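Me: I am new to this structure and would be grateful for a close look at one part of it, set in the context of what surrounds it. Please keep the account formal and connected.

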Amino acid sequence: MEKTNTDYGRRSFLKASALVGGGMMIHFSGLAKLALPKNGETAVLEQWSELNGYIKITPDNIIKLICPNPEFGQNVMTSLPMMVAEELGVDWKQVIVEMGPHDSVKLGAQFTGGSNSMRMYWRPLREAGATARQMLMQAAANTWAVPLEEITTKAGIIYHEKSGKKAKYGEFASKAAVITVPKGVKLKSVKDFNVVRSSQKNVEGTKIITGKPLFGLDYKHEGMLIAMIQHPPAFGMKLKSFDAAQALKMPGIRDVFSMKLFEDGFEQGGFDVRTFNDLLVVVGKTTWEVMNARKKLIVEWMPAGDTKNTMGGRNGKREVIVPGELEDTRVQHEKMKQYAAKPAQQLRKDGDPETAFKNAAQIIERTYTAPFLAHNCMEPMNFFAHVTDEKALLVGPLQAPGWTEPTLMKVLKLPADKIEIQMTRMGGGFGRRAYGHYLVEAALISKKTKSPIKLIYTREDDTTYGIYRPMYTATYRAALDANKNLTAFHLKGGGIPEHAVHANRFPAGAVDNYLAEGWQIASNITVGAFRAPGSNFAAAAEQSFLDELAEAMGKDPIDFRLELLKRAKENPVGRNNDYNVDRYAGVLQLVKEKSGWNGPEQGKYSRGVAAYFCHASYAAHVVDMTVKNGQPYVERVFSAVDCGIVINPDAAANMVQGAVVDGIGNSLYGGLTHKEGLVEESNFHKYRIIRMQEAPKKIEVSFVQNDIDPTGLGEPPFPPVFGAVANALYKATGKRHYQQPFSLVQPEVPNV
């Protein structure tokens, strides 16, 4: 059992009032529906007592656990409350789980992304449950006039064995809510867990399969209008003029107007984007009417030219020039080729790589490239907004409400306590919904029209006006001596508008002479988080290169990686190696065992292996590929993952399986190109994603068993899929693939 200090203060229990006729009531002012009853009313018996921001209990022992983080399929609505339930000591089957509103005071930083949810809330949620349980026990001890040490709990019932007394949690909820919050509580030992580490069904599973309204697009509000934006046809263009006469004559259309997302000089936060700052908006009664009216707009666009953005954030206030040219994929490739030939920024250097390469008996050099990728969330961007002069209500899918709220405060000129953000379940996110520009757009449109509106992007809007995974390239070089020993390793990577070089990751630390360099090209294409954006390219390139290197050295690809890791453990080079050798080797050894590597089925499939570390967790895959009708097909996948303690095993396995399918699709087919600034793949008829029949028949997931605190799972299984597919494809076709997507039918692009 672990002792921990709590930092929950009285702010969590805003008012405690004595009722006429006796009794106690807790009022939480942040939730209007729990308003304080008038004297003499007994409605309190039907209301929730909130023991802290995460837990509500009724007098009749109904327990509601609040999920602090937005849900987009990573199962936080089930897994995060499981942590509370474990320490609270309740029967999981009797628990109601509810998505919390945005409230950073009560619920902390509500952010879904970066594989952070489990890591970030592992301790706070357990402390919340343990604290609430302690307060309930204290309330019972006070009432029964017995020592606290003689009180026990089980499945939501409080016991005093000596007197034979027992009571449900709900019977003491009101009293518990007004006693002093303990300064320290004891957390369960891992060996005593009975909720965490057990598979629990998705709390929203029934609602999902029966089509209940869960998503932002489902949300309705009285008097709500629909809004859509006509964006410029290409990156690097802006609005010159428009004629809305015909559109305004269309049925149901209320208004057409232009507006700016941000005024000149606006200081943007780290997740504000404004590539398309001029908004041409159509507002009407229904989605169909607005879509048709938008087609009637007569619009003239013009080059935006270079624009100057004022940026805030971690690096302080600064001016950033965004180039205004109309970008073209072929030109982008040529630029990358030119930049790759220039000197780059040195990011890490160990030993004397220049001399090692000069003296090498053999040098292996390969260059890898990858295109922009679109998120392709199944639910396109949308948000509801009802903004008045006094307050704002916003409802919809959003990954990081706390990062958007400061922007809303500035553009709406409202304080935080007048802005209410409610999160709906997201139909996909992958980083796309961390950028709240569509929420800010909805708020500004509502404020201007003085109406409740829902802003909706079509699929084409979302694909052509997106936030993409950057475009990358990297050249890897390895020096071998006459005995085929690895003597030096050189990585030089670049990208538009950022590179994907993680200088301190494997194999840094395992090679005496090591050099990592990076460069980047400015762009007006909006980029952002994409399920480990730099890592999913780096894993593909690095793991492909290591596979080719192992072959050149005459070594088994898994054994070669393990040899490097052994070197990094026993005699590491440098001090900043950011991976744990044992955990890295652990997933490789586990996937080797589970896949039957080099076993009797070795010759049945074309097998590829890859392993990678990112976002604090480790993953390895063995991909079994066949060729069907001349095209590669991944028939089986064996996955090994070390993400620390697995909260909900079934849900965790599902996340890995989803990452595998997504990774196969993006590695074989994903890619987005530009012509004169225009995104050429406007919808799914041109942007190829994996089809259901192309998913593997079998994905077997194994987790490394340990007692390490959870380290996240959203991103880590995704990147190594790219490398494993590339290596299996080589075995299947005899040809190495250096350009993504790996599909055997590829667009012609210059080799960098």
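Over residues 746–752, under what value does pLDDT stay, and how many contacts beyond four places in sequence does the model have for them?

Reply: The model is a predicted one. Over residues 746–752, pLDDT stays under 50, and the model has 19 contacts beyond four places in sequence for this stretch. Another stretch is described in similar terms: over residues 5–46 pLDDT also stays under 50, with 79 contacts beyond four places in sequence. For the protein, the mean pLDDT is 90, and 92% of the residues reach 70 or more.

The part of the chain that leads towards residues 746–752 may be taken next. Proline 741 is found in the segment after helix H17, which covers 719–733. The peptide bond that joins glutamine 740 to proline 741 is cis, with omega at about -5 degrees. Arg736 belongs to a network of salt bridges, in which it is linked with Arg366, Asp547, Glu548 and Glu551. The structure holds 31 salt bridges.

Further salt bridges can be described individually. Glutamate 563 and lysine 555 form one, their closest N and O atoms being 2.8 Å apart. Glutamate 563 is partly exposed, with a relative accessible area of 39%, and lysine 555 is likewise partly exposed, at 29%. Arginine 567 meets aspartate 512 in a salt bridge of 2.6 Å, N to O. Arginine 567 lies in helix H14 (residues 557–570) and aspartate 512 in the loop between S27 and S28, so this salt bridge ties together parts that are 55 residues apart in sequence. Relative accessibility is 23% for arginine 567, which counts as partly exposed, and 41% for aspartate 512, which also counts as partly exposed.

The loop that holds aspartate 512 has a further feature. Proline 497 lies in the loop between strand S27 (486–496) and strand S28 (513–520). The peptide bond from isoleucine 496 to proline 497 is cis, and its omega is near 0 degrees. Most peptide bonds are trans, and most residues other than glycine have a negative phi.

Several residues have a positive phi. Glutamate 676, in the loop between strand S32 (674–675) and strand S33 (678–679), has a positive phi of about 50 degrees although it is not a glycine. Alanine 145, also not a glycine, has a positive phi of about 55 degrees. Alanine 145 is found in the loop between helix H3 (117–144) and strand S8 (151–154). With a relative accessibility of 70%, alanine 145 counts as exposed, the cut-off for that class being over 50%. Lysine 450 takes a positive phi of about 55 degrees just after H11.

Helix H11 itself covers residues 437–449 and has 13 residues. From its first C-alpha to its last, H11 reaches 18 Å, close to the 18 Å expected at 1.5 Å a residue. Because 11 of the 13 residues of H11 are buried, this helix is largely enclosed by the rest of the structure. Among the buried residues of H11 are His437, Tyr438, Leu439, Glu441 and Thr449.

Earlier in the chain, lysine 335 forms a salt bridge with glutamate 325, and the closest N and O atoms are 2.9 Å apart. Lysine 335 is in helix H8 (residues 329–340), whereas glutamate 325 is in the loop between strand S19 (318–322) and H8, 10 residues apart. Lysine 335 is partly exposed, with a relative accessible area of 25%; glutamate 325 is partly exposed as well, at 35%.

Finally, there is an open sheet of four strands, with the order S4-S5-S6-S7 and mixed pairing. Strand S4 (49–52) and strand S7 (95–99) stand at the edges with a single partner strand each, so one side of each is left without a neighbour in the sheet. From one strand to the next, the twist averages 25 degrees. Strand S6 (residues 63–67) runs parallel to S7, and five bridges join the two. Isoleucine 63 has valine 95 in S7 as its bridge partner. Helix H4 (residues 169–176) packs on the sheet, touching S4, strand S5 (55–57) and S6. The direction of H4 makes about 70 degrees with that of S4.

Notes. Residues are numbered from 1 along each chain as its sequence is written. This is a predicted model: local features need pLDDT of at least 70, side-chain atom pairs count only at pLDDT 80 or more; totals for chains, interfaces and linings use all residues. Side-chain values use heavy atoms; hydrogens and water are left out. Buried means under 20% relative accessible area, exposed over 50%, partly exposed in between (1.4 Å probe, protein chains only). The expected span of a helix is 1.5 Å times one less than its number of residues. pLDDT is the predictor's confidence in each residue, from 0 to 100. Contact means heavy atoms within 4.5 Å. A salt bridge is a side-chain nitrogen of Lys or Arg within 4 Å of a carboxyl oxygen of Asp or Glu. Two strands pair if DSSP finds at least two bridges between them. Axes are lines fitted to C-alpha atoms, for helices over the stretch in contact, and angles run from 0 to 180 degrees between N-to-C directions.
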